[in-house]
Structures are given as C-alpha cells and as structure tokens.
Amino acid sequence: MEPPRYFEPFLIEIDAKPILPHFLVPKVEYFDGSIKTFHSHMLISGGNNALKCKMFIGTLLGVALDWFSGILDRSIVGFEEFFATNKQKTLTMADLFDVR
C-alpha cells in the first residue's frame, strides 16, 4: 500500500477561504453519484462555492475518493468544475474491472 500523497487540488483562492466557526456542516450521506442532496444542503447552510468544494470531499468513499486523490494540483477552480473534470475521462474496459 502506497502512502497517501499530499496534494492541493483547489485553486489558492479556494484554499484561502476559511470555514467560519459558526458554519453549520450539513449532514449529508456519502456521495452516491448524485449531487442534488449535497447541493440542496449547502444552499440551506449558506455554503458558497469554496465551501462546497471543501465540504464535498468529505462525502467521498472508495472509487470516488481514489478519483479525487488523482486530481492534478490546483486544477479545481470551482464546484461546478469538480464534475466537469470527471466527465472528461472516457471509460475504458480496464475501468469496468475496477467497479465493485
């Protein structure tokens, strides 16, 4: 097992936005392929673009977390781009063997 790498997937501007102490972290189930629940909870909680980026990674498990860990440094410029990055990859036969 290789050690986790330290990486910085978000632009500096996103990293620089603090999570304020009074911010109520939404109680969201783990990512199931749809962002509707997460997005609606963030709207209720008052989360801005930077907070959405930071909080969303806490919902990732398994293959989704592996995907996130492979994102290039400073490549996520906003929450919507999070998913544009994922859509650009064309699945191969090898990807199907990784599905559990």
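## A tour of ring pairs, core and salt bridges

By the ring-centre rule, the count in this structure comes to five aromatic pairs, and since the model is a predicted one, every value below is computed from predicted coordinates.

**First stop: the rings.** Select Phe10 and Phe68, whose ring centres lie 6.3 Å apart with the planes at 45 degrees, so the pair is tilted. Phe10 sits in the segment before α1 and Phe68 in helix α4, so this pair ties together parts that are 58 residues apart in sequence. Colouring by accessibility shows Phe10 as buried, with a relative accessible area of 4%, and Phe68 likewise counts as buried, at 5% relative accessibility. Now add Phe7 to the selection, and you have a cluster in which ring pairs link Phe7, Phe10 and Phe68.

**Second stop: the core.** Keep Phe10 and Phe68 displayed and add Cys53, Ile76 and Phe82; these five touch the most other members of the largest nonpolar core, which has 17 residues. Then show the helices α2 (36-45), α3 (49-56) and α5 (79-87), each of which supplies at least two residues of this core. Which helix provides the largest share of the core? That is α3, with five residues.

Centre the view on Ile76 next and ask which residues are in contact with Ile76 once its neighbours within four places in sequence are left aside. The contacts of Ile76 are Pro9, Phe10, Leu11, Ile14, Cys53, Phe68, Ile71 and Phe82.

**Third stop: the salt bridges.** The structure holds two salt bridges. Select Arg74 and Glu8, whose side chains meet in a salt bridge with an N to O distance of 3.1 Å. Arg74 lies in the loop between α4 (62-69) and α5, while Glu8 lies in the segment before α1 (12-16), so the pair ties together parts that are 66 residues apart in sequence. Glu8 counts as partly exposed at 28% relative accessibility, and Arg74 is also partly exposed, with a relative accessible area of 27%.

Staying on Arg74, add Asp15 to the selection: Arg74 forms a salt bridge with Asp15, and here the closest N and O atoms are 2.5 Å apart. This pair too links distant parts of the chain, with Arg74 in the loop between α4 and α5 and Asp15 in helix α1, 59 residues apart. Asp15 is partly exposed, having a relative accessible area of 34%. To finish, display Glu8, Asp15 and Arg74 together, since salt bridges that share partners join these residues into one network.

Notes: Residues are numbered from 1 along each chain as its sequence is written. This is a predicted model: local features need pLDDT of at least 70, side-chain atom pairs count only at pLDDT 80 or more; totals for chains, interfaces and linings use all residues. Side-chain values use heavy atoms; hydrogens and water are left out. A nonpolar core is a set of buried Ala, Val, Leu, Ile, Met, Phe, Trp, Tyr and Cys residues joined through side-chain atoms within 4.5 Å. Buried means under 20% relative accessible area, exposed over 50%, partly exposed in between (1.4 Å probe, protein chains only). Helices (H or I, at least four residues) and strands (E, at least two) are DSSP runs, numbered from the N terminus. Contact means heavy atoms within 4.5 Å. A salt bridge is a side-chain nitrogen of Lys or Arg within 4 Å of a carboxyl oxygen of Asp or Glu. Rings of Phe, Tyr and Trp (its six-membered ring) pair if their centres lie within 6.5 Å; planes under 30 degrees apart count as stacked, over 60 as edge-to-face and the rest as tilted.
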